[in-house]
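Colleague: I am new to reading structures, and I would like a close look at one part of this one. Could you pick a single helix and walk me through its surroundings?

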Amino acid sequence: TPDFDPVPMLIGKGGCHTKQIARTTGTKIRIRGKGSGHLEAKGPDGRLCEAKAPLMLAITSDKTEAQNFKEAVRLALVRIRAVQDRWLQSQSGRTGTISNFFSLGDTAPTAKDILGE
């Protein structure tokens with residue numbers, strides 16, 4: 001909703017949440033897509049703008065760091081669920097259907113193997 005911005009809650013003050021995951025696991029964490037504030041695609045006017053893709057949290061690591069990648073995904077899901085809980089609280093008393101807050105998007109075959117999907 002327009003009055004709920006999950007990005008600052010995902011990142012944390014000064015990037016504390018994403019930096020902690022990165023420091024703990026040696027992975028790279030990025031937030032991209034609509035609402036991310038990250039300018040990466042050229043719009044019709046030729047200026048940089050956010051990608052048209054849905055808001056996403058991307059995690060990457062070296063192929064040799066499977067356990068650290070798995071731990072980064074686990075920690076990211078803990079953070080996402082905490083933000084989801086805050087969103088659900090913000091929706092209390094509102095009418096209508098609440099759709100999924102997040103889903104697992106495009107996942108590289110190697111990552112699927114690591115995560116056991």
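Modeller: What follows is a tour of one helix and its neighbours. Please keep in mind that this is a predicted model.

Let's take helix α2, which spans residues 16–25. Which of its residues are buried? They are Thr18, Ile21 and Thr25. These three cover an arc of only 60° around the axis, so they sit on the same side of α2. A general rule helps here: an α-helix has 3.6 residues a turn, so residues three or four places apart point the same way. As for partners, the buried residues of α2 pack against α1 (6–11), β1 and α3.

Now compare two residues of this helix. Thr18, which lies in α2, has a relative accessible area of 13%; that counts as buried because the cut-off is under 20%. Leaving aside its neighbours within four places in sequence, Thr18 is in contact with Leu10, Ile11 and Ile29. His17, also found in α2, is partly exposed, with a relative accessible area of 26%. Not counting residues up to four places away in sequence, His17 touches Met9, Leu10, Ile11, Gly12 and Arg79. Arg79 is 62 residues from His17 along the chain, yet their C-alpha atoms are separated by 7.8 Å.

What comes after the helix? α2 is followed by Gly26, whose phi is positive, near 75°. Further on is strand β1 (residues 28–32), where the side chains alternate. Ile29 and Ile31 point to one face and are buried, while Lys28, Arg30 and Arg32 point to the other and are not. β1 runs antiparallel to strand β4 (residues 56–60), and five bridges join the two. Within this pairing, Ile29 stands opposite Ile59 in β4.

Several of these names come back in the largest nonpolar core, which has nine residues: Ile21, Ile29, Ile59, Phe69, Ala72, Val73, Ala76, Ala111 and Ile114. The elements that give two or more residues to this core are α3 (66–90) and α4 (109–115). Helix α3 gives the most, with four residues. One of the core residues, Val73, is in contact with Ile59 and Leu115, leaving aside its neighbours within four places in sequence. There is also a second, separate core of eight residues, including Phe4, Val7, Val83 and Trp87. In soluble globular proteins, nonpolar side chains tend to be buried together.

So, back to your helix: Ile21 is one of the buried residues of α2, and Ile21 also belongs to the largest nonpolar core.

Conventions
Residues are numbered from 1 along each chain as its sequence is written. This is a predicted model: local features need pLDDT of at least 70, side-chain atom pairs count only at pLDDT 80 or more; totals for chains, interfaces and linings use all residues. Side-chain values use heavy atoms; hydrogens and water are left out. Buried means under 20% relative accessible area, exposed over 50%, partly exposed in between (1.4 Å probe, protein chains only). Contact means heavy atoms within 4.5 Å. A nonpolar core is a set of buried Ala, Val, Leu, Ile, Met, Phe, Trp, Tyr and Cys residues joined through side-chain atoms within 4.5 Å. Two strands pair if DSSP finds at least two bridges between them. The arc is that of the directions from the helix axis to the C-beta atoms.
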